[in-house]
Amino acid sequence: MDKYYLTTAIDYVNGAPHIGHAYEKILTDIIAKHYTQRCDDVFFLTGTDEHGIKIQKTAAAKGISPKELCDENAQKFKDAWKALDIDYTRFIRTTDEDHEAIVQKIFKKLVEKGDIYKHSYEGLYCSGCECFLNPKDLTEDGLCPDHLKKPEVVKEENYFFKLSKYKDAIIKHIKAHPDFIVPQFRANEVLNQLEDIQDISVSRAKSNVQWGIDVLDDPEQSIYVWIDALSNYITALGYDTENPSDMFKKYWPVDVHVVGKDILKFHSIYWPAILLALDLPLPKHIFAHGWITIDETKMSKSLGNVISPTGVLESFNLTIPDPLRYYMATSAPCGRDGNYSDDDFKEKVNAHLANSMGNLLNRTLSMLVKYFDGEVKEEFKADSDLYKLALDTVKKVKTHFDFFEISEAAQEIVQLVDVTNKYVTDNAPWTLAKEEKMTECGQVLTTVLEIMCVVSALIYPYCPNIAKEMARQLSFDLNTKLDDLTCNNIKTGKLITKEEIKPVFLRVDSELADKSQKVKA
Ligand code: MSP
């Protein structure tokens, strides 16, 4: 594997980021960090989707310019991702000059090719979705099913993209590549949607939507948000219709687009059609994650249950984002909906990260100090069945990541920690020490420390700060690639002193939870 290119959806900036936006960025960052452990060159793209009628209206209501609103809110997204240790390579904004210029060229190329044509149209527009809706998809009351709002009747002369021309090619591609859409059960939904697919509007009249990229040679029209937004995945790499950059040649096709289930249609139908029209290869995978509810209820401004990810960190007084990252990443099996609840959050991170994993390392190092003054002796190094299990776990984790099973991969790590805890209980190194079976006692402790090196590597994508602290205490090099991982990392000699042992994660204190602080996204 010589490169790995992955992207998130780009978020609308009419508000601050909420925990649903954060869920996707955490999942993608975990995949990115995992792949940095497998290849040297990972490009992780995220950003914000800034044009469209909704931004125009929100800005007008606030009495500021759309650009001012975008600047203000895009910064909130960047700040949140920093607090969550989301290490993107580029944060693209659809108002970036390089992006806007290339989108205009893409549009022009498709017009020249005859894949975009002008047509007078009357349709039902949902500004929440920023798209025209098919009347058959509305609720019984004529509302948008996602936003529960009545769509506007819009009559305009627009440019249309010949989506129908690419229908058969996309159906063929989906059928021939069962791993194109992940999880696979979503592929059938997409195939059904493809059945009655029609050409789509790709511009809006400037008289109705001013906040958009101008169509070159036709200043009366602005490019419609989805073609603008989807193109970010190639403009960010310096794609150019005439002379694509070296970066584009290196990273395209993308290895995975990570998106929410609600926008899978745009990514698995519209976007592949645009790419085919541009004669570009299709994405390798599109991973559609599920949605996060709050206390089993859909998040909504009217219910006042929209949770800010940084609000969660603040209300639990967390100085590192690791517990929230871990909790979110394990909140649902691949592609299914997950849930956030304060109680569940506390319970899970305390059980998994503090009690099981953190304590295991802490106890083991403390015993090494108590019985051996922190020294690992040559005779402590012995083979163990646990080593095979640990290296098998590495393989299983890799396979799960190949299928974007982030939560399932974490379960394998938890299982390895559980088995190791049981190994300590069964072998009771404290009893061995009492019986003065010191070599055996040292062997048990060293075995556990070897496993913890593997655990620190595997947990790193989820909990980078905890993993670094574990690795520090184990003198283990966290930059070790997963394929080079062995169970021979602990060096003989003095490993640690009493003062150097620190809990890697302190239990989340339930007293600190102040719900009112969190409801502020
Ligand atoms: N701007 C478009 C995406 C364009 S991608 C070329 C958009 N923006 S969004 O802000 O509405 O959503 C951004 C991402 O956040 C989407 O993938 C969406 O599914 C995800 N989520 C929004 N709310 C969510 C939850 N409650 N739970 C999980 N993810 C959710 O769509």
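**Exercise 1. The second largest cavity**

Task: Describe how the lining of the second largest cavity divides by residue type, and state which elements supply it.

Solution.
Step 1. The lining of the second largest cavity divides into 9 nonpolar, 2 polar and 2 charged residues. The model is a predicted one.
Step 2. In total 13 residues line this cavity, and those nearest its centre are Y23, F287, A332, C334 and I406.
Step 3. Two helices, α1 (19-36) and α15 (406-427), each give at least two residues to the lining. The largest share, 3 residues, comes from α15.
Step 4. The volume of the second largest cavity is about 50 Å³.

**Exercise 2. The largest cavity**

Task: State how many cavities of 30 Å³ or more the structure holds, and give the volume and the lining of the largest cavity.

Solution.
Step 1. A search for cavities of 30 Å³ or more gives 2. Such empty space is found by rolling a probe the size of a water molecule over the atoms.
Step 2. The largest cavity encloses about 70 Å³ of space.
Step 3. Its lining consists of G52, I53, Y125, E130, R204, V209, W211, S222, I223, Y224 and V225.
Step 4. Sorted by type, these lining residues are 7 nonpolar, 2 polar and 2 charged. With Gly counted as polar and Tyr as nonpolar, the charged residues in the list are E130 and R204, and the polar ones are G52 and S222.

**Exercise 3. The second largest pocket**

Task: Give the volume of the second largest pocket and describe its lining.

Solution.
Step 1. The volume of the second largest pocket is about 240 Å³.
Step 2. Its lining has 13 residues, with N317, L318, T319, F505 and L506 nearest the centre.
Step 3. By type, the lining of this pocket holds 9 nonpolar, 2 polar and 2 charged residues.

**Exercise 4. Two charged side chains**

Task: For R90 and E24, decide whether each is buried or exposed, and find a polar partner for each side chain.

Solution.
Step 1. R90 belongs to strand β4, residues 90-93. R90 has a relative accessibility of 18% and therefore counts as buried, since the cut-off is under 20%.
Step 2. A polar atom of the R90 side chain lies 3.4 Å from the backbone oxygen of A236.
Step 3. Beyond four places in sequence, R90 is in contact with F43, F44, L45, T46, D96, D98, T235 and A236. A236 thus appears both in this contact list and as the polar partner.
Step 4. E24 sits in helix α1. With a relative accessible area of 5%, E24 is buried.
Step 5. The side chains of E24 and H289 are joined by a polar contact of 2.6 Å. The contacts of E24 outside four places in sequence are T8, A9, D11, V258, V259, G260 and H289.

**Exercise 5. Aromatic pairs**

Task: State how many aromatic pairs the structure holds, then classify the pair Y4 and Y35 and the pair Y88 and F91.

Solution.
Step 1. The structure holds 28 aromatic pairs. Two values describe a pair of aromatic rings: the distance of the centres and the angle of the planes.
Step 2. For Y4 and Y35 the centres are 3.7 Å apart and the planes differ by 5°, and the pair is stacked. This pair links distant parts of the chain, with Y4 in strand β1 (residues 4-8) and Y35 in helix α1, 31 residues apart.
Step 3. Y4 is buried at a relative accessible area of 4%, and Y35 is buried at 3%.
Step 4. The ring centres of Y88 and F91 lie 5.5 Å apart with the planes at 55°, so this pair is tilted. Y88 counts as partly exposed at 27% relative accessibility, whereas F91 counts as buried at 10%.
Step 5. Ring pairs also link Y5, F43, Y233, Y239, F248, Y251, W252 and W271 into a cluster.

**Exercise 6. A methionine in helix α17**

Task: Locate M452, then list its contacts outside four places in sequence.

Solution.
Step 1. M452 lies in helix α17, residues 438-459.
Step 2. The relative accessible area of M452 is 0%, so M452 is buried.
Step 3. Outside four places in sequence, M452 is in contact with M357, L360, L361, M470 and L474.
Step 4. From M452 to E157 the C-alpha distance is 63 Å, at a separation of 295 residues in sequence.

Definitions and conventions
Residues are numbered from 1 along each chain as its sequence is written. This is a predicted model: local features need pLDDT of at least 70, side-chain atom pairs count only at pLDDT 80 or more; totals for chains, interfaces and linings use all residues. Side-chain values use heavy atoms; hydrogens and water are left out. On a 1 Å grid over the protein atoms alone, a cavity is a set of points where a 1.4 Å probe fits but cannot get out, and a pocket is an open set with protein on both sides within 12 Å along at least five of seven lines; lining residues have an atom within 4 Å of a point. Grid points are joined across faces, edges and corners, and a volume is the space filled by probe spheres set on the points. Helices (H or I, at least four residues) and strands (E, at least two) are DSSP runs, numbered from the N terminus. Buried means under 20% relative accessible area, exposed over 50%, partly exposed in between (1.4 Å probe, protein chains only). A polar contact is a pair of N or O atoms within 3.5 Å; within protein, one must be able to donate a hydrogen and the other to accept it, and residues adjacent in sequence count only if both atoms are side-chain atoms. Contact means heavy atoms within 4.5 Å. Rings of Phe, Tyr and Trp (its six-membered ring) pair if their centres lie within 6.5 Å; planes under 30 degrees apart count as stacked, over 60 as edge-to-face and the rest as tilted.
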